[in-house]
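Me: Hey, can you walk me through this one? I'm new to it.
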Amino acid sequence: MRSVRLGRSRVPVSALGFGGAVIGNLYRAVDDDTAAGAVDAAWDAGIRYFDTAPHYGLGLAERRLGRALACRPRDEYALSTKVGRILVPCETTGPDDAGFEVPADHVRQWDFSADGVRRSLESSLDRLGVDRVDVLLLHDPDDHWEQAVSEAYPALHELRDQGVVGAIGVGMNQWRLLERFVTETDVDVVMLAGRWTLLEQSAVDTFLPACLRLRVSVLAAGVFNGGLLATDDPDPAAMYDYEPASAEIRSRAGRIAEVCAARGVRLPQAAIAFAGGHPAVASVVLGMRSADEVRRNAELFERPVPDALWTDLADAGLLRPGLPR
């Protein structure tokens, strides 16, 4: 599988990446063996970029990913995690309230201070069982711009200068604040979740061109928009951006699926190809909870999609015409 360097850094990532949220029990639980099998299948498929975060399952995703990668040569893959949420132990025994099926034995505490960045990274390294991560991202600083840009970002910059991490950036579910980081700081990479997909192209006007102009790589995540684009026949119970999909959105996804089918293309295949087709995108990062999901998505990733499909979708009013490919 081809690899791409992130921005002006020396960190290479595979064009298809493994997103760790689902092995942190996002929406529903998976057992340890299933999670490990997903990572093993990703490795066998040639995936060499793995992303995680403390937020995912209150550290469970980091622990599982670290164990699954422990037998792999450390110089042969890129690993990213995130900072901005400190995990604080608590005595609560109820379920987690952030969408992960794990016991709430910790609480997430927002912290974009320089000290918080370093403490979060240290804890992540311990959970992962590694001595370094290659990419460090600020995680969802939507309501914390001032502290994130004045305290957390300089700390990341210093860690990069010291060689502690190879590349730095920001991960969010929106592009407007990401665009400020791209244009006002010296980040190498941004992770954009759910905003560059078959159902959502608002990032194309100013954000993606800014990334290209300033040589900031994009990691395209959430390309199935929470699950709605993950199957050929969109499930009525599917999620869209972490919430049940509306009838209007489900209908639009179904119409896209019909146009794809007429060209012999599967809906998730088109979703992956579309997200990865923009020249600013270095890697499409997919959350995959089992070996079967990994093998299916890796196979779809390798399948070519005819350029005529994008024209068909535009002609049907389902895709903006003239999008860069």
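Me: What classes of residue make up the lining of the second largest pocket?
Reply: By class there are nine nonpolar, five polar and eight charged residues. Here Ala, Val, Leu, Ile, Met, Phe, Trp, Tyr, Cys and Pro count as nonpolar, Asp, Glu, Lys and Arg as charged, and the others, Gly among them, as polar. This is a predicted model, where local features need pLDDT of at least 70 and side-chain atom pairs count only at pLDDT 80 or more, while totals for chains, interfaces and linings use all residues. Residues are numbered from 1 along each chain as its sequence is written, and side-chain values use heavy atoms, leaving out hydrogens and water.

Me: Which residues sit closest to the centre of that second pocket?
Reply: Pro 12, Asp 75, Tyr 77, Ala 78 and Asp 134, out of 22 that line the second largest pocket. A pocket is an open set of points on a 1 Å grid over the protein atoms alone where a 1.4 Å probe fits, with protein on both sides within 12 Å along at least five of seven lines, and lining residues have an atom within 4 Å of a point.

Me: And how much space is in there?
Reply: About 260 Å³ for the second largest pocket, and about 1300 Å³ for the largest. Volume means the space filled by probe spheres set on the points, with grid points joined across faces, edges and corners.

Me: Asp 75 came up; what does its side chain meet in a salt bridge?
Reply: Arg 132, at 3.1 Å from N to O. A salt bridge needs a side-chain nitrogen of Lys or Arg within 4 Å of a carboxyl oxygen of Asp or Glu. The two residues are 57 apart in the chain, with Asp 75 in the loop between helix 2 and strand 5 and Arg 132 in the loop between helix 3 and strand 8. Helices (H or I, at least four residues) and strands (E, at least two) are DSSP runs, numbered from the N terminus.

Me: How many salt bridges in total?
Reply: The count is 25.

Me: New topic: what do the strands form?
Reply: A closed barrel of eight strands, 3-4-5-8-9-10-11-14, with parallel pairing. Two strands pair if DSSP finds at least two bridges between them. Strands 3 and 4, for instance, pair over two bridges, and Gly 19 has Asp 51 in strand 4 as a bridge partner.
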